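Please work through the exercises below with the sequence and the model at hand, and try each task before reading its solution.

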Amino acid sequence: MGESSTRSTLCFISLLLLSQFVSAAVEDGLLNNGDFETAPAGGFASAVAFGDGNKSLPGWTINGTVELISSGQKQGGMILIVPQGEHAVRLGNDAEIAQVVELEKGSEYSVTFSAARTCAQLESLNLSVGSASQTVDLQTLYSVEGWDAYSWAFQAAEEEGRLAFKNPGMEDDPTCGPVIDNIAVKKLFTPDRSKDNVAINGDFEEGPWMFPNATLGVLLPTNLNEETSSLPGWIIESNRAVRYIDSDHYTVPQGKRAIELLSGKEGIISQMVETIPQKQYSLTFTLGSAGDSCQPPMAITAFAGDQTQNFHYSPTGNATRQAANLTFMARAERSRIAFYSIYYNTRSDDRSSLCGPVVDEVNVWGLSGSTGLKARGALFLGLVLAVVASLLA
């Protein structure tokens, strides 16, 4: 074999090894046994509850009492809810499941999971990867199904992370606790700011993982960190969640994704956009209905800089969307835009599932000439004053 051939072979082997190393990071989608449908050793019937250190739950490590439940399973007179498929896990007092995932250091990821509460009125889940953590409140039921899908974002500090779900509660009945199912991860990308639009991800196309067969959307709970968000560019600065919806199951004004505002003033999305002080801007967006039988009236309050305006959803004819506009003067180098629903809406077909108006196609652009006109006006005033001063001299 010639020297050039040997070099080519070594180069090919190196590239192959490198590609395997690079692709080691977790792929978008369901985690290893993230739906808990992989049978433990001995089958599902042989594994009801696991204790500390038990490794019989494929893909996961366990601390505390963790129960593998089945669809239709009863506890007393209550049927336990399995969000998807035939199986899920329930976390007892202070119990935890965890899985080590390969990550790309410095990248942002979003975790999507389904959860339901069981015995207690107020249950919660603590999610963590390394030093990053957040507690998700499961008190509010946003759908009549008895469960919801949630998301949480984090930035990878290392090439490997231990993703953990923990029940921080301590109930009198140690078997009580939240049910978890369908755990997936997606690597996030923050869209570039366009030349004509200073809002980031205004079309909401970049967001958390959504399962193709999930019909309830994904709830985005409170998140005040604009640097790490399941909805890149946006924060959820309220006590309640907003819903991330897709065009496969909802009516979306444009593209494949949008935001449905829930819980009135308790569900707010906002973004700080880069602006030029004393320059006029226009905030435009599309207001719509998700097509989920949401009862009218529907309306939102929009904020842009120091301006506020209410917009009522009143489409004409068969239209399912309407354009809205709010003009404001920037007072600083960053200006806040925000939206919330004015009303607490529910669906007409069950009157308990929360719903609301849809926001999409958010754009913020400078109005041409506003800064230039002010500059020319100031220059003209300066010349007039100079002439007057010279005449008085």
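**Exercise 1. Which handedness does the disulfide of cysteine 119 and cysteine 176 have, and where do these two residues lie?**

Step 1. The torsion about the S-S bond of cysteine 119 and cysteine 176 is about -90 degrees, so this disulfide (a pair of cysteine sulfur atoms within 2.5 Å) is left-handed. The S to S distance of the pair is 2.0 Å. This is a predicted model, in which local features need pLDDT of at least 70 and side-chain atom pairs count only at pLDDT 80 or more, while totals for chains, interfaces and linings use all residues. Residues are numbered from 1 along each chain as its sequence is written, and side-chain values use heavy atoms, with hydrogens and water left out.

Step 2. The pair links distant parts of the chain, 57 residues apart: cysteine 119 sits in the loop between strand S9 (108-116) and strand S10 (124-129), and cysteine 176 in the loop between strand S13 (160-166) and strand S14. Strands here are DSSP runs of E with at least two residues, and helices are runs of H or I with at least four, numbered from the N terminus.

Step 3. For accessibility, buried means under 20% relative accessible area, exposed means over 50%, and partly exposed lies in between, with a 1.4 Å probe and protein chains only. Cysteine 119, at 35%, is partly exposed, whereas cysteine 176, at 4%, counts as buried.

**Exercise 2. Describe the disulfide of cysteine 294 and cysteine 355, and then give the pairing of the bonded cysteines.**

Step 1. The sulfur atoms of cysteine 294 and cysteine 355 are 2.1 Å apart, and the torsion about their S-S bond is about 85 degrees, so this disulfide is right-handed.

Step 2. Cysteine 294 belongs to the loop between S20 and S21 and cysteine 355 to strand S26 (residues 354-355), which places the linked parts 61 residues apart. Both cysteine 294 and cysteine 355 are buried.

Step 3. The structure holds two disulfides, and when the bonded cysteines of the protein are numbered in sequence order, the pairing is 1-2, 3-4.

**Exercise 3. How many salt bridges does the structure hold, and which parts of the chain do the pairs of arginine 193, glutamate 237 and glutamate 260 tie together?**

Step 1. There are 13 salt bridges, each being a side-chain nitrogen of Lys or Arg within 4 Å of a carboxyl oxygen of Asp or Glu. Side chains of opposite charge can pair when their charged atoms come close.

Step 2. Arginine 193 and glutamate 274 meet at 3.9 Å, N to O. Arginine 193 lies in the loop between strand S14 (179-188) and S15 and glutamate 274 in strand S19, so parts that are 81 residues apart in sequence are tied together. Arginine 193, at 34% relative accessibility, is partly exposed, and glutamate 274, at 45%, is partly exposed.

Step 3. In the pair of glutamate 237 and arginine 336, the closest N and O atoms are 2.8 Å apart. Because glutamate 237 lies in the loop between strand S16 (235-236) and S17 and arginine 336 in strand S24, this pair ties together parts 99 residues apart in sequence. Glutamate 237 is partly exposed at 27%, and arginine 336 is partly exposed at 29%.

Step 4. Glutamate 260 and arginine 243 meet at 3.0 Å, N to O. Glutamate 260 is in strand S18 (residues 257-260) and arginine 243 in strand S17, so the parts tied together are 17 residues apart in sequence. Glutamate 260 is buried at 0% relative accessibility, and arginine 243 is buried at 4%.

**Exercise 4. Which residues have the most contacts inside the largest nonpolar core, and which strand gives the largest share?**

Step 1. A nonpolar core is a set of buried Ala, Val, Leu, Ile, Met, Phe, Trp, Tyr and Cys residues joined through side-chain atoms within 4.5 Å. The largest one has 45 residues, and those with the most contacts inside it are Leu283, Phe285 and Phe339.

Step 2. The elements that give two or more residues to this core include strand S19 (268-274), strand S20 (280-288) and strand S24 (334-341). The largest share, four residues, comes from S20.

Step 3. Leaving aside neighbours within four places in sequence, leucine 283 is in contact (heavy atoms within 4.5 Å) with residues including Phe303, Leu326, Phe339 and Val362.
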